[in-house]
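Here's a short walk through one model, written for someone who likes to click on residues while reading. Have the viewer open and follow along.

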Amino acid sequence: MSEDKKLSAKFFEVLQHEGVVAIMSWGIEPHIVNTWNSYLVITDDERILIPAYGFRKTQKNVEVNSTVKISLGTKNVLGHKDYPGTGFIITGKAKYIESGDEYDMMKNKFSFLTRVLEISVVNAKQML
């Protein structure tokens, strides 16, 4: 993995399998919301785009404090020392996209979205 890349090949392998993604925000009040691995779209510059339908408390928190943490994983990818499953904790800066090319691309993939949660990755750590 190059120095400027934060997301490893193992991370992308995890995304090939379904699993729950937990998104934690805090600003007004701590809040956790969930989505699915298959809903994450990774841009060439390693931003994570997530279709948002609800996520209203998350948006209110992000307006106060843009730092978020996400947790994702799968039991279908071997982790460290061949552990049966692996996961990641990602720290990033979040904002919402409500128009533009990336919004349109995401709307074509996920017709239910009302906004797109964009997370710029600060750190990604494999946990298992």
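What follows goes from the core outwards, by way of rings, salt bridges and a few single residues. Keep in mind that this is a predicted model.

**The core**

Let's start inside. The largest nonpolar core counts 25 residues, and Phe11, Ile48 and Leu72 have the most contacts within it. Helix 1, strand 1 (20-25), strand 4, strand 5, strand 6 and strand 7 (115-126) each bring at least two residues to this core. Strand 6 gives the largest share, with 4 residues. Another core, of 8 residues, lies apart from that one, and its members include Val41, Ile97, Phe110 and Leu113.

Leu72 is a good place to click. Setting aside residues up to four places away in sequence, Leu72 touches Phe11, Val14, Leu15, Val20, Val21, Asn37, Leu40, Gly87, Phe88 and Ile90. Two of the names on that list, Phe11 and Phe88, come back in the next part.

**Rings around Phe11**

A pair of aromatic rings is described by the distance of the centres and the angle of the planes. The model has 5 aromatic pairs. In one of them, the ring centres of Phe11 and Phe12 are 5.5 Å apart with the planes at 85°, so this pair is edge-to-face. Phe11 also pairs edge-to-face with Phe88, at 5.5 Å centre to centre and 85° between the planes. Since Phe11 sits in helix 1 (residues 9-15) and Phe88 in strand 6, this second pair ties together parts that are 77 residues apart in sequence.

Phe11, Phe12 and Phe88 make up one aromatic cluster. Which of the three are buried? Phe11 is, at a relative accessible area of 0%, and so is Phe88, at 4%. Phe12, with 33% relative accessibility, is partly exposed.

**Salt bridges around Arg47**

There are 5 salt bridges in the structure. Here are three of them:

| Acidic partner | Basic partner | N to O distance |
|---|---|---|
| Asp45 | Arg47 | 3.0 Å |
| Glu102 | Arg47 | 2.6 Å |
| Glu118 | Lys95 | 3.9 Å |

How far apart in the chain are Glu102 and Arg47? They are 55 residues apart, with Glu102 in helix 3 (residues 101-109) and Arg47 in strand 4, so to speak a link between distant parts of the chain. Lys95 in strand 6 and Glu118 in strand 7 are likewise a link between distant parts, 23 residues apart. Salt bridges with shared partners join Asp45, Arg47, Lys95, Glu102 and Glu118 into one network.

The members of this network vary in how much they are covered. Asp45 is exposed at 51% relative accessibility, while Arg47 is buried at 15%. Glu102 is partly exposed, with a relative accessible area of 26%. Lys95 is partly exposed too, at 45%, whereas Glu118 is buried at 8%.

**Two positive phi values**

Most residues other than glycine have a negative phi. Where does Glu46 sit? Glu46 is in the loop between strand 3 (41-42) and strand 4 (47-52), and its phi is near 70°, a positive value in a residue other than glycine. Phe55 also has a positive phi, near 60°, and belongs to the loop between strand 4 and helix 2 (56-64). Both are buried: Glu46 has a relative accessible area of 7% and Phe55 one of 11%.

**His31 and Val62**

His31 is part of strand 2 (residues 31-36). Buried or exposed? His31 counts as buried because its relative accessibility is 19%, and the cut-off for buried is under 20%. Beyond its neighbours within four places in sequence, His31 contacts Ile23, Met24, Ser25, Lys57, Thr58 and Asn61.

Val62 belongs to helix 2 and is buried, with a relative accessible area of 9%. Leaving out residues up to four places away in sequence, Val62 touches Val68, Ala94, Lys95 and Tyr96. One of those contacts, Lys95, has already turned up in the salt-bridge network. Between the C-alpha atoms of Val62 and Val116 there are 13 Å, with 54 residues separating the two along the chain.

**Out to the surface**

The last stop is a nonpolar patch on the surface, formed by Tyr83, Met127 and Leu128, which together have about 280 Å² of accessible area. Tyr83 lies in the loop between strand 5 (67-74) and strand 6 (86-97) and is partly exposed, at 40% relative accessibility.

Terms used: Residues numbered from 1 in each chain as written. Predicted model: local features only at pLDDT ≥ 70, side-chain atom pairs only at ≥ 80, totals over all residues. Heavy atoms only, no water. Patch = residues over 30% accessible without salt bridge, like charges linked within 9 Å, V, L, I, M, F, W, Y side chains within 5 Å. Areas by Shrake-Rupley, 256 points an atom, 1.4 Å probe, with all protein chains shown as cover. Salt bridge = Lys/Arg side-chain N within 4 Å of Asp/Glu carboxyl O. Buried < 20%, exposed > 50% of the residue type's maximum accessible area, 1.4 Å probe, protein only. Phe/Tyr/Trp six-rings, centres within 6.5 Å; stacked < 30°, edge-to-face > 60°. Contact = heavy atoms within 4.5 Å. Core = buried A, V, L, I, M, F, W, Y, C linked by side-chain atoms within 4.5 Å.
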